[in-house]
Amino acid sequence: MNNVLGDRKSIIILIGPALLVYTLVMLVPVVWSLGYTVFEGNAITGFTFVGFDNFVALVQDDRVRDALFFTIRYAIVITVGQVIFGYLLSLLYVFVLRRSSSIVRTLVFFPVVLPTVAVALMFQKMFEVAPQNGLVNELLNAIGIPSIDFFGSAGSAFLVIAIMDIWRSMGFYGVLLYAGLVDIPEETLESARLDGASGLKLVRHIVIPLSLPVLLSSIIFSINGTLKVFDSVLALTNGGPGTTTSPLTLYMFQTSFTYGEYGYGSTIALLLTILCLVVTVFIFRSSRRDLTKA
């Protein structure tokens with residue numbers, strides 16, 4: 001093995017194909033998109049060099065600010081919900097259900113594999129108010145509360161999006177965090193129990209610190225995914241009512257492919273890329289500082 005890894009030709013043969021595919025699929029489009037930021041137009045009308053005009057427009061665009069605010073708010077709420085509910089599920093699997101948790105894990109994980117459009121249509125039917133009340137409004141009527149148009153205001157529409165995405169993805173994070181919890185040595189847990197730690201005290205002082213690496217990975221995975229949310233919002237609300245639930249990805253898509261402004265759409269994409277990079281670096285540095293103090 002050492003002879004193979006020490007041979008440059010062997011390394012090129014082993015890594016070269018994957019690196020080539022990654023370059024063509026990932027790096028080339030990124031560089032290409034970056035080049036579009038100094039042009040306006042599209043492939044049909046042609047491109048015109050405009051320098052930094054797209055960046056000036058980005059700073060002055062009120063809709064970009066609204067989309068950025070929605071994206072950050074969505075990312076924070078959904079990440080917190082996914083990780084907390086996923087962690088609670090993983091604790092349930094390990095400490096309550098134990099060996100009988102496989103069936104529950106499968107059932108809770110099932111929404112993850114469902115098509116996003118199918119899940120969105122189901123939630124539209126559940127929360128609809130016209131032409132007939134959905135399940136949620138029927139339940140509200142049953143306890144004397146009038147029907148609510150959940151998709152008629154920004155706040156209630158955001159609530160439905162949050163409920164749908166947390167419900168759909170918490171099974172994935174439950175399994176991911178479960179994989180980290182089962183790696184905690186049973187001897188460590190037994191020693192803590194003998195020392196009087198049990199229940200919340202055991203989770204707080206033993207389980208959480210030992211599962212911190214996988215917890216951190218889950219947060220990074222979740223925050224990067226939620227910052228790039230697109231399909232669930234498009235299928236459920238299409239950015240409505242108005243543009244109040246439009247994330248940066250949806251605005252980028254509409255700008256590029258509906259309005260044909262590839263340059264300005266690429267500028268929005270660059271903003272989203274920088275946002276993801278800054279958030280990831282911030283989480284890494286914060287965690288490293290906490291581990292150093294610990």
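Hi everyone. Before I start, one definition: when I say two residues meet, or are in contact, I mean that they have heavy atoms within 4.5 Å. And please keep in mind that this is a predicted model.

Let me start with helix α11, residues 212–227, and its partner α4, which covers residues 62–97. Who touches whom here? On the α4 side we have T71, Y74, A75, I78, T79, Q82, V83 and Y87. Across from them, α11 brings L215, S218, I219, S222, I223, T226 and L227. Sorting the residues of this contact by class gives 9 nonpolar, 6 polar and no charged.

Now for the geometry. Two packed helices are described by the angle between their axes and by the distance between those axes. For α4 and α11, the angle is about 145° and the axes are 9 Å apart. The crossing of α4 past α11 is right-handed.

Helix α11 has another partner to show you, and that is α8, residues 154–181. Here the axes come within 9 Å and cross at roughly 155°. Angles over 145 degrees count as roughly antiparallel, so α8 is roughly antiparallel to α11. This crossing, α8 with α11, is right-handed.

Which residues make the contact between α8 and α11? From α8 come F172, Y173, L176, L177 and G180. From α11 come V214, L215, S218, F221 and S222. The class count for this contact is 7 nonpolar, 3 polar and no charged residues. If you have the model open, try selecting L215, S218 and S222 in α11: these residues are in the contact with α4, and they appear in the contact with α8 as well.

Let's move on to a single residue, I206, which sits in helix α10, residues 200–210. Setting aside neighbours within four places in sequence, I206 is in contact with T188, L189, A192 and K201. Take A192 from that list: A192 and I206 are 14 residues apart in sequence, with 7.6 Å between their C-alpha atoms.

There is some strand structure to look at too. Strand β1, residues 39–42, runs antiparallel to strand β2, residues 46–49, and 4 bridges join them. The link from β1 to β2 is a hairpin through 3 residues. In this pairing, E40 stands opposite T48 in β2.

Last stop: helix α13, residues 248–258. What is buried in α13? The buried residues there are L248, T249, L250, Y251, Q254, T255 and S256. After α13 comes G260, and its phi is positive, near 70°.

That's my tour. Thanks for listening!

Technical notes: Residues are numbered from 1 along each chain as its sequence is written. This is a predicted model: local features need pLDDT of at least 70, side-chain atom pairs count only at pLDDT 80 or more; totals for chains, interfaces and linings use all residues. Side-chain values use heavy atoms; hydrogens and water are left out. Axes are lines fitted to C-alpha atoms, for helices over the stretch in contact, and angles run from 0 to 180 degrees between N-to-C directions. Helices (H or I, at least four residues) and strands (E, at least two) are DSSP runs, numbered from the N terminus. A crossing is left-handed if the near helix is turned anticlockwise from the far one by less than a right angle, and right-handed if clockwise. Ala, Val, Leu, Ile, Met, Phe, Trp, Tyr, Cys and Pro count as nonpolar, Asp, Glu, Lys and Arg as charged, and the others, Gly among them, as polar. Angles under 35 degrees count as roughly parallel, over 145 as roughly antiparallel, 65 to 115 as roughly perpendicular and the rest as oblique. Two strands pair if DSSP finds at least two bridges between them. Buried means under 20% relative accessible area, exposed over 50%, partly exposed in between (1.4 Å probe, protein chains only).
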